[in-house]
Amino acid sequence: MPYGYTGSPPNQIINNSGVFSSADIADLQSQGHAGGSLELIETQTISSNTAAVDFTNIKGSQYDVHFLEATNIKNATDNQQFSIRMSVGGTFDTDNDYQRAIFTISADGGTDESRDSNINNIFFTLNQGNATNEKGNGYAYFYNLHNSSKMSFVTLQTTTINVNGHYKMNFGGGVYDQTASVDGIRIFMSNGSNIASGVFNLYGVKQI
Amino acid sequence: MSNLRLINETSTTTGVASLSVTDVFNADFDIYKITFTNTELASLDWVEFRFINSSGSVVTSSEYDEAVLELDSGGSFGEGRETNDTNFSRLIRSQTTEAKGGDVTMFLFNPFSSSSYTFGLVQSFGTITNGFGTKGIFVLTELSSIKGFQIYLNGGSNINKSTIRTYGLRVDS
């Protein structure tokens with residue numbers, strides 16, 4: 001249909017011009033041609049010790065790709081890992097149903113291959129320090145969480161200060177290796193200690 | 001409103017030898033984000049990637065360089081490197097069932113510009129025996145205007161399923 005006309009649009013294919021009506025915009029958005037494509041689902045801000053950050057309304061039927069953005073995240077206990085778990089039917093899976101392969105690089109020397117094919121979470125950061133101003137930042141993409149016939153894959157990249165006070169970055173990913181419809185994402189510390197602070201934004205990546 | 005703009009969604013649910021996405025890069029954007037999801041291959045294989053130029057021809061010249069770290073949750077990590085290759089040969093190593101097929105997020109820089117090389121960043125995770133991902137970079141060292149891309153399998157078998165979404169990163173001046 002021709003866009004940019006209020007009232008009755010002309011019955012011909014012509015270039016867009018004029019003013020878009022609300023109906024035009026709604027139609028274009030439904031086709032993915034208008035509107036932003038990173039749609040905020042929920043923001044969680046942590047300012048005191050918290051055991052876990054749970055996203056339990058991920059709108060999985062609307063998106064097959066989710067984007068998690070974590071900024072200024074700080075662990076309450078030194079030298080710990082922020083980690084990821086998934087929930088199915090409202091229950092977070094604590095079994096060894098996860099695999100990870102993450103490469104880490106530290107400014108104070110050395111690289112490391114962090115891998116496991118039978119573990120109960122996916123690391124998001126590794127060996128993160130928690131002295132003053134030692135905070136981490138990063139992102140993760142989640143794929144096909146809602147699809148009950150597919151495993152749920154994650155790719156991630158994080159940038160932190162390590163336990164020695166030096167820069168450390170991590171990239172890689174993991175898989176929740178169950179074919180189940182995931183309905184929640186949990187961020188927590190792998191050893192059960194607390195998250196001290198941070199902002200976590202979960203977005204859906206728009207699809208048609 | 002975020003600055004990501006969905007440009008195109010291309011998918012297949014039947015076996016095809018290659019899947020092309022055409023006429024998605026233009027002067028409107030310099031940076032593009034592309035996701036590959038719901039992929040199922042006819043055989044366990046590497047998915048390879050080539051560009052399509054402004055004439056609609058697949059770029060097969062020996063002007064692709066790549067460096068990819070292969071992350072295996074069950075074994076030592078590997079390095080994949082190529083220079084002057086005819087494709088980007090390590091988009092993702094994926095499986096024969098949709099359940100185990102992996103997913104990819106890619107960023108492309110300046111594909112439409114004919115005065116700049118086209119650079120790419122790729123991050124993927126899927127399965128072979130265990131969880132298996134990649135983190136890589138690649139470049140097309142050719143000063144041509146690129147308008148699309150194509151994926152296919154190293155071994156020549158079919159892509160049974162895949163959904164490819166292309167987004168532009170809008171810059172507000």
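What follows is a conversation between a trainee and a mentor about a predicted model.

Trainee: How are residues, chains and ligands labelled, and which thresholds apply to this predicted model?
Mentor: Residues are numbered from 1 along each chain as its sequence is written, while chains are lettered from A and ligands numbered from 1 in the order in which they are written. Side-chain values use heavy atoms, with hydrogens and water left out, and in this predicted model totals for chains, interfaces and linings use all residues, whereas side-chain atom pairs count only at pLDDT 80 or more and local features need pLDDT of at least 70.

Trainee: What ipTM does the predictor give the complex, and in which strand of chain B is confidence highest?
Mentor: The predictor gives the complex a pTM of 0.87 and an ipTM of 0.85. For chain B the mean pLDDT, which is the predictor's confidence in each residue from 0 to 100, is 93, and 98% of the residues of chain B reach 70 or more. Confidence in chain B is lowest in strand β1 (residues 4-12), at a mean of 92, and highest, at 97, in β11(B).

Trainee: How many strands does chain A have, and what percentage of its residues count as buried?
Mentor: Helices (H or I, at least four residues) and strands (E, at least two) are DSSP runs, numbered from the N terminus. On that basis chain A has one helix and 13 strands, and the helix stands at the start of the pattern when chain A is read along the sequence. Buried means under 20% relative accessible area, exposed means over 50%, and partly exposed lies in between (1.4 Å probe, protein chains only); of the 208 residues of chain A, the share that counts as buried is 50%.

Trainee: What is the order of the open sheet of eight strands in chain B, and which are its edge strands?
Mentor: Two strands pair if DSSP finds at least two bridges between them, and in this open sheet of chain B the pairing is antiparallel, in the order β1-β12-β3-β8-β9-β10-β5-β6. The edge strands, each of which pairs on one side only, are β1 and β6 (78-85) of chain B.

Trainee: Which residue is the bridge partner of B:Asn8, and which is the bridge partner of B:Glu70?
Mentor: β1(B) and strand β12 (residues 159-169) of chain B pair in the antiparallel sense over eight bridges, and in β12(B) the partner of B:Asn8 is B:Thr166. Strand β5 (residues 64-72) of chain B and β6(B) are joined by six bridges, again antiparallel, and they form a hairpin with five residues between them. In β6(B), the bridge partner of B:Glu70 is B:Gly78.

Trainee: Why is one side of β2 and of β7 in chain B left without a neighbour in the sheet?
Mentor: These strands belong to an open sheet of four strands in chain B, with antiparallel pairing and the order β2-β11-β4-β7. One side of each is left without a neighbour because β2 (18-21) and β7 (88-94) of chain B stand at the edges, each with a single partner strand.

Trainee: Which residue stands opposite B:Ile52 in β11(B)?
Mentor: Strand β4 (residues 45-53) of chain B is joined by seven bridges to strand β11 (residues 146-153) of chain B, and the two run antiparallel. Opposite B:Ile52 in β11(B) stands B:Gly148.

Trainee: Where is B:Asp23, and is B:Asp23 buried or exposed?
Mentor: Most residues other than glycine have a negative phi. B:Asp23 is not a glycine, yet B:Asp23 has a positive phi of about 55 degrees. B:Asp23 lies in the loop between β2 and β3 of chain B, and with a relative accessible area of 57% B:Asp23 is exposed.

Trainee: Where is B:Asn110, and what is the relative accessible area of B:Asn110?
Mentor: B:Asn110 also has a positive phi, of about 60 degrees, although B:Asn110 is not a glycine. The place of B:Asn110 is in the loop between β8 (103-109) and β9 (118-127) of chain B, where B:Asn110 is partly exposed, with a relative accessible area of 27%.

Trainee: What distance separates the C-alpha atoms of B:Lys161 and B:Ser11?
Mentor: B:Lys161 is in strand β12 of chain B and is partly exposed, with a relative accessible area of 28%. B:Lys161 and B:Ser11 are 150 residues apart along the chain, and their C-alpha atoms are separated by 7.3 Å.
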